[in-house]
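Here is a short report for a reader who is meeting this structure for the first time. Keep the sequence and the 3D view open while you read.

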Amino acid sequence: MEINWKRPELSDKEMIISYLRKNPGRSCERTFTNIYLWSRHYGVTFAKVGNAIVFCSEDEEAGYAFSAGV
């Protein structure tokens with residue numbers, strides 16, 4: 001399976017929110033606004049993997065965050 005990473009854009013908002021709603025949480029990191037804004041600072045990208053999306057930060061070293069939508 002090929003994984004296509006991309007930086008979150010405003011056009012991805014509804015899709016990302018739909019995945020986040022499948023596993024609601026009260027963490028501020030689980031909002032589209034924070035994902036979008038911090039992606040510029042920390043080099044965050046995301047990819048669809050199966051039935052979820054996965055986030056990766058490439059600030060200094062690659063680091064992976066929660067998946068959403070599983």
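A nonpolar patch lies on the surface of this predicted model. Met1, Ile3 and Trp5 form the patch. Together these residues have about 350 Å² of accessible area. Met1 sits in the segment before helix H1, which spans 13-22. Met1 counts as exposed because its relative accessibility is 79%, and the cut-off for exposed is over 50%.

**The core**

Now turn to the inside. The largest nonpolar core holds 12 residues in all. Among them are Met15, Ile16, Ile17, Tyr19 and Leu20. Phe32, Ile35 and Tyr36 also belong to this core, and so do Val44, Phe46, Ile53 and Phe55. H1, H2, S1 and S2 each supply at least two residues of this core. H1 gives the most, with 5 residues.

Two core residues deserve a look. Met15 touches Phe46, Lys48 and Ile53, leaving aside residues up to four places away in sequence. Tyr19 lies in helix H1. Is Tyr19 buried or exposed? Tyr19 counts as buried, because its relative accessibility is 12% and buried means under 20%.

**The two strands**

Strand S1 covers residues 44-49, and strand S2 covers residues 52-57. The two strands pair in the antiparallel sense, over 6 bridges. Ala47 stands opposite Val54 in S2. The hairpin of S1 and S2 has 2 residues between the strands. In this hairpin, Gly50 takes a positive phi near 65°. How many residues of strand S2 are buried? The number is 5 of 6, so S2 is mostly covered, buried being under 20% relative accessible area.

**Far in sequence, together in space**

Each strand S2 residue in the table below is paired with a tyrosine from a helix. Tyr19 is in helix H1. Tyr42 lies in helix H2, residues 32-42. Tyr42 counts as partly exposed because its relative accessibility is 33%.

| Pair | Apart in sequence | C-alpha to C-alpha |
|---|---|---|
| Tyr19 and Ile53 | 34 residues | 7.1 Å |
| Tyr42 and Cys56 | 14 residues | 9.4 Å |

**Salt bridges**

Side chains of opposite charge can pair when their charged atoms come close. How many salt bridges does the count come to? The count comes to 2 salt bridges.

One joins Asp12 and Lys6. The closest N and O atoms of this pair are 3.0 Å apart. Asp12 is buried, because its relative accessible area is 9%. Lys6 counts as partly exposed, because its relative accessibility is 35%.

Arg40 forms a salt bridge with Glu9. Here the closest N and O atoms are 3.2 Å apart. This pair links distant parts of the chain. Arg40 is in helix H2, while Glu9 is in the segment before H1. They are 31 residues apart. Arg40 counts as partly exposed, because its relative accessibility is 32%. Glu9 is partly exposed, because its relative accessible area is 32%.

**In brief**

The segment before H1 holds Met1 of the surface patch and also Glu9, the partner of Arg40. Inside, H1, H2, S1 and S2 each give at least two residues to the largest nonpolar core.

Definitions and conventions
Residues are numbered from 1 along each chain as its sequence is written. This is a predicted model: local features need pLDDT of at least 70, side-chain atom pairs count only at pLDDT 80 or more; totals for chains, interfaces and linings use all residues. Side-chain values use heavy atoms; hydrogens and water are left out. Patches are made of residues with over 30% relative accessible area and no salt bridge: like charges are joined within 9 Å, nonpolar side chains (Val, Leu, Ile, Met, Phe, Trp, Tyr) within 5 Å. Accessible areas come from the Shrake-Rupley method with a 1.4 Å probe; for residues, only the protein chains shown count as cover. A salt bridge is a side-chain nitrogen of Lys or Arg within 4 Å of a carboxyl oxygen of Asp or Glu. Helices (H or I, at least four residues) and strands (E, at least two) are DSSP runs, numbered from the N terminus. Buried means under 20% relative accessible area, exposed over 50%, partly exposed in between (1.4 Å probe, protein chains only). Two strands pair if DSSP finds at least two bridges between them. A nonpolar core is a set of buried Ala, Val, Leu, Ile, Met, Phe, Trp, Tyr and Cys residues joined through side-chain atoms within 4.5 Å. Contact means heavy atoms within 4.5 Å.
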